[in-house]
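Me: I am new to this structure and would like to go through it with you. Could we look at it together?

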Amino acid sequence: MDDIREALMLGRQSDGKPVRRPLSPHLQVYRPQITSVLSIMHRFSGMALAAGTLLLVAWLVAAASSPAAFARVQGFIASPIGWLLLFGWTAALYFHLLNGIRHLAWDLGCGFEKPEYHRSGWMVVIATAVLTVLTWIVGLAIW
Amino acid sequence: MTESALGQSGTHSRRVMRSSLALARGLGAAHSGVTHWWVQRLTAVALVPLSLWFIVAMLHLLGAGQPEVARWLQHPINAVLLLCLILASFQHMQLGLQVIIEDYVHNKLTQLATLLVMKAITLLLALSAIIAALKLAFSQ
């Protein structure tokens, strides 16, 4: 216990056994809902996209360095790991983009009714899947 | 944004003692935060069309060699849009990562250090992308 606030986290069961109280927001007792899951996924996809900028910067810097360096980066992207990263990046980008539009609508005060944010949430999930698959079908057809 | 912020301060002024200058600035006790919120929304709105353009551009450049990428960036419209995308996305990214760090890193000193490292890395990445894009755009 290195923090005075932690004293409030300790309690006793009816038989006197000491227990550690659960930390808010009590994720372990709540059933996952579309609202909370998408909110968490918005953060995770944002972090994934931040990591993905490394690939974008590597791609640009290699293109600006030499054709040989560029070929190395293209080779990495065309490898199985590269494909997996690129697929994850596509899905994360579409999800963050679509859920971001949902957030912007909320900022304008729209879509706060329960049926509305449930419907928009599922629309984001479905649209992310459709657009990701569609982009890869187009991409593979071109490649 | 300005209107609603002033509107809220205006209604508060009848109950809360605040100077006229503080009301005009509308910054509140933390002196920041509105700008963070507003810039994150502005960059988000800009990134909607820019991201869609970028996906189409990347599909167009699939499997392209370095000379083709250079030729693509030599077109001024592509160069300008890519620079807009770089500026908006790295700004949006550092604002978002800042909130995550502030939420989960509780120790004040560790939090400050993490924030500074994150901002430094973001700046380095953004500058690398900008310089690379400009070099390609001005290449022959």
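Reply: What follows is a short conversation about the contact between the chains and some of the residues.

Me: Before we start, what kind of model is this, and how are things numbered?

Reply: This is a predicted model, in which local features need pLDDT of at least 70 and side-chain atom pairs count only at pLDDT 80 or more, while totals for chains, interfaces and linings use all residues. Residues are numbered from 1 along each chain as its sequence is written, chains are lettered from A and ligands numbered from 1 in the order in which they are written, and side-chain values use heavy atoms, with hydrogens and water left out.

Me: How many residues does each chain put into the contact?

Reply: Chain B gives 36 residues and chain A gives 30 residues; contact means heavy atoms within 4.5 Å.

Me: And what area is buried there?

Reply: About 2700 Å² is buried between chain B and chain A, and carbon and sulfur atoms give 80% of it. Buried area is the accessible area (1.4 Å probe) that two parts lose on being put together, summed over both. In chain B, the residues that lose the most area to chain A are Leu59(B), Leu62(B) and Gln66(B), together 20% of what that side buries.

Me: How many salt bridges are there between the chains?

Reply: There are 2 salt bridges between chain B and chain A, a salt bridge being a side-chain nitrogen of Lys or Arg within 4 Å of a carboxyl oxygen of Asp or Glu. Asp103(B) pairs with Arg43(A), with the closest N and O atoms 2.7 Å apart. This pair runs from helix α5 of chain B to helix α1 of chain A; helices (H or I, at least four residues) and strands (E, at least two) are DSSP runs, numbered from the N terminus. Arg41(B) and Asp107(A) also meet in a salt bridge, at 2.8 Å from N to O. Here the pair links helix α3 of chain B with helix α3 of chain A.

Me: Is Asp103(B) buried, exposed or in between?

Reply: Asp103(B) counts as partly exposed because its relative accessibility is 37%. Buried means under 20% relative accessible area, exposed over 50%, and partly exposed in between (1.4 Å probe, protein chains only). Arg43(A), at 26%, is partly exposed, and Asp107(A), at 33%, is also partly exposed.

Me: Changing topic, what about helix α4 of chain A?

Reply: Helix α4(A) covers residues 114-142, and its 29 residues reach 42 Å from first C-alpha to last. That is close to the 42 Å expected at 1.5 Å a residue, where the expected span is 1.5 Å times one less than the number of residues. Its buried residues include Gly121(A), Val124(A) and Thr132(A). What covers the buried residues of this helix includes α1 and α3 of chain A together with α3 of chain B.

Me: What does Thr132(A) touch?

Reply: Leaving aside neighbours within four places in sequence, Thr132(A) is in contact with Phe87(A), Thr90(A), Ala91(A) and Tyr94(A). Thr132(A) has a relative accessible area of 3%, so this residue is buried. A polar atom of its side chain lies 2.6 Å from the backbone oxygen of Thr128(A).

Me: And Asn99(A), where is that?

Reply: Asn99(A) is in helix α3 of chain A and is buried, at 1% relative accessibility. Residues up to four places away in sequence aside, Asn99(A) touches Leu38(A), His42(A) and Val124(A).

Terms used: Polar contact = N/O pair within 3.5 Å; in protein donor to acceptor, adjacent residues only side chain to side chain.
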